[in-house]
Amino acid sequence: MRFKSLSFQRRLQTSFNSKDKTYRYFSSNPAFALQQPRKASYNEDENGEMEWEKLGFGPVSTDFMYSMKCCEDGNLTHYGNIQFSPFAAVLNYGQGIIEGLKVNRKEDGRLLLFRPDQHALRMKMGAQRMCMPSPSIHQFIHAVKQTALANIRWVPPPGKGSLYIRPLLIGSGPVLGVGPAPEYMFLTYASLLYVEEEEVRAFSGGVGGVKSVSNDWPVLKALVRAKSLGFSDVLYLDSVNKKYLGEVSAANIITLKGNVISTPPTSGTILPGITRKSIIEIARGLGFQVEERSISVHELTEADEVFCTGTAVGVAAVGSVTYRGTRFEFKVGENTVCQALGSTLVGIQTGLIEDKKEWIFNIH
């Protein structure tokens, strides 16, 4: 796997260079499809005694990770720490993009990857906003597949969870002044996933709509305070009027009133979630009217159902929201729209429901 410059005759630096005023970009090498990174050995049955039901969502170290730098071949290595300069742009200025997607095991043993092309596109869009080069869609998917296959023994049995793949694009080169890094690194690694008004998350003109490495830290103070009061999460409002819904800490928010499903638009401050996008398409296919528009807190309090969507959480019902000391409750449990949409999504992701939209990539 190689990154090739888009310069006319020569390789340029991986980002803007103040000395020679040049840029360097990721691009697929014409011979890329013929290049295969070295294989790592693994034994699919080694984790036969794993207690899958006790898994959570945390940093479980698996066996292998995939890494590549600009203009170098990508390869699988044993999972471990990475090393770069203390001046690295990602450490000093937060120049980095993350993604997250699941690998599920089907009953016949095949591994299923859900919409990796959409994650690759989102990384590319985020990289453009962050002045970073990015791997092509083909390179992104190839790296994810290699990571999944190398860690195949960590993919839980059907119904026991998922292997969570974390692609990471970072400015690894050293910088002192504010500016793009001179070198970039693309990594994919894996972990395990078992699914069961003072603070604002993003501001207009910022990078709330990009899955940057710095996007989630603003929520920590409010989240810690909320948990100390007995709440499970925080729903953020817009930074201008503080009356329109934004996001939950790490998920999109959706409301239901009658036959109308509403969700805030991804207009720069809200991340364009892949799960959100999929639920919208599923809902429309089931006959629901879907609106992407601003939703006031008042409208939220009158909703029939409220639920969150995200790669890790899937589709999760919200039982109640407390606003200015008043608790508002919503329908949850059996025979809810949230349950129907979530079951359909999981069915497609795990191969139990026919994939008519070509969202699934078979990787084993």
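## Packing of helices α2 and α3

Helix α2 (residues 116-129) packs against helix α3 (residues 137-150) at an angle of about 125°, and their axes lie 9 Å apart. Axes here are lines fitted to C-alpha atoms, for helices over the stretch in contact, and angles run from 0 to 180 degrees between N-to-C directions. Helices (H or I, at least four residues) and strands (E, at least two) are DSSP runs, numbered from the N terminus. The model is predicted: local features need pLDDT of at least 70 and side-chain atom pairs count only at pLDDT 80 or more, while totals for chains, interfaces and linings use all residues. Residues are numbered from 1 along each chain as its sequence is written, and side-chain values use heavy atoms, with hydrogens and water left out.

The two helices α2 and α3 are therefore oblique to each other (angles under 35 degrees count as roughly parallel, over 145 as roughly antiparallel, 65 to 115 as roughly perpendicular and the rest as oblique). Their crossing is right-handed (the near helix is turned clockwise from the far one by less than a right angle; anticlockwise would be left-handed). On the α2 side, the contact (heavy atoms within 4.5 Å) is made by P116, D117, H119, A120, L121 and M123, and on the α3 side by I137, F140 and I141. These residues divide into seven nonpolar, one polar and one charged (Ala, Val, Leu, Ile, Met, Phe, Trp, Tyr, Cys and Pro count as nonpolar, Asp, Glu, Lys and Arg as charged, and the others, Gly among them, as polar).

## The five-stranded sheet

An open sheet is formed by five strands in the order β13-β12-β11-β14-β15, with mixed pairing (two strands pair if DSSP finds at least two bridges between them). The edges are occupied by β13 (289-292) and β15 (314-317), each with a single partner strand, so one side of each is left without a neighbour in the sheet. From one strand to the next, the twist averages 25°.

Strand β14 (residues 305-310) pairs with strand β11 (residues 252-257) in the antiparallel sense over five bridges. Within this pairing, E305 of β14 is the bridge partner of L256, and F307 of β14 stands opposite I254. Strand β14 also pairs with β15, again antiparallel, over four bridges; here G310 stands opposite G314 in β15. The strands β14 and β15 form a hairpin with three residues between them.

## Burial of β14

Strand β14 is mostly covered, with six of its six residues buried (buried means under 20% relative accessible area, exposed over 50%, and partly exposed in between, with a 1.4 Å probe and protein chains only). E305, F307 and T309 point one way from the strand, whereas V306, C308 and G310 point the other way, and all are buried.

## Helices on the sheet

Helix α5 (residues 274-285) lies across β11, β12 (260-263), β13, β14 and β15, and runs at about 145° to β13. Helix α7 (residues 337-349) also packs on the sheet, where it touches β11, β12, β14 and β15; its direction makes about 165° with that of β15.

The axes of α5 and α7 come within 10 Å and cross at roughly 110°. The two helices α5 and α7 are therefore roughly perpendicular to each other, and their crossing is right-handed. In this contact, T275, S278, I279, I282 and A283 of α5 meet L341, T344, L345 and I348 of α7. By class, the contact has six nonpolar, three polar and no charged residues.

## Two residue environments

I261 is found in strand β12 and, at 2% relative accessibility, counts as buried. Residues up to four places away in sequence not being counted, I261 touches I254, T255, L256, A283, F288, Q289, V290, E291, V337 and L341. Of these, A283 is 22 residues from I261 in sequence and 8.0 Å from it in space, C-alpha to C-alpha.

K243 lies in the loop between β9 (235-237) and β10 (245-248). K243 is partly exposed, with a relative accessible area of 40%. Its C-alpha atom is separated by 5.5 Å from that of S296, although the two residues are 53 residues apart along the chain. With neighbours within four places in sequence left aside, K243 is in contact with L237, D238, I295, S296 and V297.
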